[in-house]
Amino acid sequence: MFDISTDIVAEIVVLARDPDRGDAEFDAFVSSLTEEERAEIVALMWIGRGTFDPGEWDEAVETALTEATTPTASYLRGTPHLADHLENGLDALGLSARAIEDAFR
C-alpha cells in the first residue's frame with residue numbers, strides 16, 4: 001500500500017503552492033526521489049483527481065512506473081491543481097493531509 005513518506009508529499013504540496021520557490025527547486029526535489037517514490041506521488045495525484053480509486057493503489061503505482069514518458073517533475077508541474085489532488089489523494093487513503101502539511105511548515 002502507501003509507502004512514500006508523508007513528509008515528501010507535504011514538501012511537494014508546499015512547493016506546488018509556493019511559486020516564489022520556483023520550478024528549479026520543485027524539479028530538484030522531485031528528481032531527488034527514487035523511481036518508486038516518484039511513481040507513488042503520481043499514483044497519489046491520480047487517486048486524488050479520481051483517475052484511480054484508493055483500492056487500486058497498486059495498479060496506479062504500476063501504471064505510473066510503466067507509462068512514464070516525461071520527467072516526473074515536469075508532468076507534475078503541468079498538472080492543474082496538483083496540491084489539491086495530492087491532498088485529496090491522502091484523504092482518500094485515510095491520511096490527514098492538512099495535519100501533515102501544517103506539521104511540515
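# Close-up views of an all-helix chain

**View 1. M45 and the residues around it.**
Once its neighbours within four places in sequence are set aside, M45 is in contact with Y75, L76, T79, L82, H85 and L86. Please keep in mind while you look that this is a predicted model. M45 belongs to helix α3. Is M45 buried or exposed? With a relative accessible area of 0%, M45 is buried. Two of its contact partners, L82 and H85, are listed among the buried residues of α6. For a sense of distance, look also for E25: it is 20 residues away from M45 along the chain, and the C-alpha atoms of the two are separated by 19 Å.

**View 2. The whole chain, before we zoom in again.**
How many helices and strands does the protein chain have? There are seven helices and zero strands. Following the sequence from start to end, you meet the pattern α-α-α-α-α-α-α. The radius of gyration is 12 Å, close to the 13 Å that the globule rule gives for 105 residues, so the chain is as compact as a globular protein of that length. Its C-alpha trace spans about 35 × 30 × 25 Å along the principal axes. Of the 105 residues, 42% count as buried. Take the contacts between residues at least 6 apart in sequence: 67% of these join residues at least 24 apart.

**View 3. The largest nonpolar core.**
Here we look at a group of 30 residues that make up the largest nonpolar core. Which of its members touch the most other members? They are V9, I12, I41 and L86. At least two residues of this core come from each of α1 (6–17), α2 (22–31), α3 (35–49), α4 (57–66), α5 (72–77) and α6 (82–92). The helix that gives the most is α3, with eight residues.

**View 4. I41 and its partners.**
Let us stay with I41, one of the core residues that touch the most other members. Which residues is I41 in contact with, leaving aside its neighbours within four places in sequence? The list reads I4, I8, V9, I12, L33, L76 and L86. Three names in it, V9, I12 and L86, stand beside I41 among the core members with the most touches. L76 and L86 will also be familiar from the contacts of M45.

**View 5. Where V14 meets A83.**
V14 is found in helix α1. The relative accessibility of V14 is 12%, so this residue counts as buried. Now find A83, which is 69 residues away from V14 along the chain; the two C-alpha atoms are separated by 7.7 Å. A83 is itself buried in α6, as are L82, H85, L86, E87, G89 and L90.

**View 6. H81, in the loop before α6.**
Where does H81 lie? You will find H81 in the loop between α5 and α6. H81 has a phi near 65°, a positive value in a residue other than glycine. Its relative accessibility is 56%, so H81 counts as exposed, the cut-off being over 50%.

**View 7. A92, in helix α6.**
A92 has its place in helix α6. Its relative accessible area of 38% makes A92 partly exposed. Apart from neighbours within four places in sequence, A92 is in contact with I47 and P54. A24 is 68 residues away from A92 along the chain, and here the C-alpha atoms are separated by 30 Å.

**View 8. G94, just after α6.**
G94 sits in the loop between α6 and α7 (97–104). Just after α6, G94 takes a positive phi of about 85°. Is G94 buried or exposed? G94 is exposed, with a relative accessible area of 65%. T6 is 88 residues away from G94 along the chain, and their C-alpha atoms are separated by 12 Å.

**View 9. Surface and charge.**
To finish, step back to the outside of the protein chain. The chain exposes about 5,500 Å², and carbon and sulfur atoms supply 47% of that area. How many positive and negative side chains are there? The chain has 7 positive and 23 negative side chains. The centres of these two sets lie 8 Å apart.

Key:
Residues numbered from 1 in each chain as written. Predicted model: local features only at pLDDT ≥ 70, side-chain atom pairs only at ≥ 80, totals over all residues. Heavy atoms only, no water. Helix = DSSP H or I, 4+ residues; strand = E, 2+ residues; numbered from the N terminus. Rg over C-alpha atoms; globule rule 2.2 N^0.38 Å. Buried < 20%, exposed > 50% of the residue type's maximum accessible area, 1.4 Å probe, protein only. Contact = heavy atoms within 4.5 Å. Areas by Shrake-Rupley, 256 points an atom, 1.4 Å probe, with all protein chains shown as cover. Lys, Arg positive; Asp, Glu negative; His and termini not counted. Charge placed at Lys NZ, Arg CZ, Asp CG, Glu CD. Core = buried A, V, L, I, M, F, W, Y, C linked by side-chain atoms within 4.5 Å.
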